[in-house]
Amino acid sequence: MILFLNAPATKPNRNRKLWAGSTAFIILLLSVWFVLNPSPSASPPGQIARETSWSRAAMMAELMISAIEVVPAVPAKDRPFTVNVFSQNIGIIPSGSYTLHLVIKGPDGREVFRTLSEHNTALEPGQIGAGLSAAVDPVAYSGTYSVTVDLQPEDFEDDNLSNNRSTRSFQIE
């Protein structure tokens, strides 16, 4: 915005120039304020109204499988071993209850172990919880085994279900 002030050349009227400059400055500030703070527009007719609820503004409770641990790291086929599963809430509010399903498959693809663990306590945002610890009986064959864990939310909405399933392979000698 450009403002030209035309004052008499003989006797400048200082108050008039000050008033004109102040008015131009206030108009400039108001213009900038209106540009930076637009009023919300109405939804177009015939379409779904805008959602203004805070509950959908960002990711809420978001659980994920953070680790699958086999102890010992390379179990022997004639010895029992333990599988520990850790879950984490990477959302912004506490989670609800959830269930972990664990399945171990042998080298031939057959299921050798299955268990589940229900959790009725919530995980706080950022908290890592020991979701499941399963003692597995000795297996008959050596080879590469796989552990698959599914996390199923029970009483809350989990926005990203893709990180609720994790698989890990390990060797048994």
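User: What makes strand E2 and E5 a pair?

Analyst: Strand E2 (residues 81-89) and E5 are joined over eight bridges in the antiparallel sense. Two strands count as paired if DSSP finds at least two bridges between them, so E2 and E5 qualify. Val85, for instance, stands opposite Leu132 in E5. Bear in mind that this is a predicted model.

User: Which strands make up the open sheet of three, and in what order?

Analyst: The order is E1-E2-E5, and the pairing is antiparallel. Strand E1 (63-71) and strand E5 (128-136) are the edge strands, each with a single partner strand, so one side of each has no neighbour in the sheet. On average, neighbouring strands here are turned by 20° against each other, direction ignored.

User: And what is the order of the four strands in the other open sheet?

Analyst: That one runs E4-E3-E6-E7, with antiparallel pairing. Its edges are strand E4 (111-119) and strand E7 (165-172); each has a single partner strand, so one side of each is left without a neighbour in the sheet. The average turn between neighbouring strands of this sheet is 15°, direction ignored.

User: How do you know that strand E3 and strand E6 pair?

Analyst: Count the bridges again. Strand E3 (residues 98-105) and strand E6 (residues 143-153) share eight of them, in the antiparallel sense. The cut-off is at least two bridges, so E3 and E6 pass as a pair. One contact to look up is His101, whose bridge partner in E6 is Asp150.

User: Why is the contact of Arg165 with Asp150 called a salt bridge?

Analyst: The closest N and O atoms of Arg165 and Asp150 are 2.9 Å apart. A salt bridge needs the side-chain nitrogen within 4 Å of a carboxyl oxygen, so Arg165 and Asp150 make the cut. Arg165 lies in strand E7 and Asp150 in strand E6, so the pair ties together parts that are 15 residues apart in sequence.

User: Is Asp150 buried, exposed or partly exposed, and what makes the label fit?

Analyst: Its relative accessible area is 22%. Buried means under 20% and exposed means over 50%, so Asp150 ends up as partly exposed.

User: How many salt bridges does the structure hold?

Analyst: Three. Besides Arg165 with Asp150, Arg114 forms one with Glu111, the closest N and O atoms being 2.8 Å apart. Asp108 and Arg110 also meet through their side chains, at 3.7 Å, N to O. The limit is 4 Å, so the 3.7 Å contact of Asp108 and Arg110 counts too.

User: What exposure do Arg114 and Glu111 get?

Analyst: Arg114 has 54% relative accessibility, and exposed starts over 50%, so Arg114 is called exposed. Glu111 is at 42%, which falls between 20% and 50%, so Glu111 is partly exposed. As for Asp108 and Arg110, both are exposed.

User: What makes the nonpolar surface patch, and how do you know that Leu36 qualifies for it?

Analyst: The patch covers about 600 Å² and is made by Phe25, Leu28, Leu29, Val32, Val35 and Leu36. Leu36 sits in helix H1 (residues 14-36). With a relative accessible area of 61%, Leu36 is exposed. Patch residues need over 30%, so Leu36 clears that bar.

User: Which residues form the aromatic cluster?

Analyst: Phe81, Tyr145 and Phe170 form it. A search of the whole structure turns up two aromatic pairs. Ring centres have to lie within 6.5 Å for a pair to count.

Methods
Residues are numbered from 1 along each chain as its sequence is written. This is a predicted model: local features need pLDDT of at least 70, side-chain atom pairs count only at pLDDT 80 or more; totals for chains, interfaces and linings use all residues. Side-chain values use heavy atoms; hydrogens and water are left out. Rings of Phe, Tyr and Trp (its six-membered ring) pair if their centres lie within 6.5 Å; planes under 30 degrees apart count as stacked, over 60 as edge-to-face and the rest as tilted. Patches are made of residues with over 30% relative accessible area and no salt bridge: like charges are joined within 9 Å, nonpolar side chains (Val, Leu, Ile, Met, Phe, Trp, Tyr) within 5 Å. Accessible areas come from the Shrake-Rupley method with a 1.4 Å probe; for residues, only the protein chains shown count as cover. Helices (H or I, at least four residues) and strands (E, at least two) are DSSP runs, numbered from the N terminus. Buried means under 20% relative accessible area, exposed over 50%, partly exposed in between (1.4 Å probe, protein chains only). Axes are lines fitted to C-alpha atoms, for helices over the stretch in contact, and angles run from 0 to 180 degrees between N-to-C directions.
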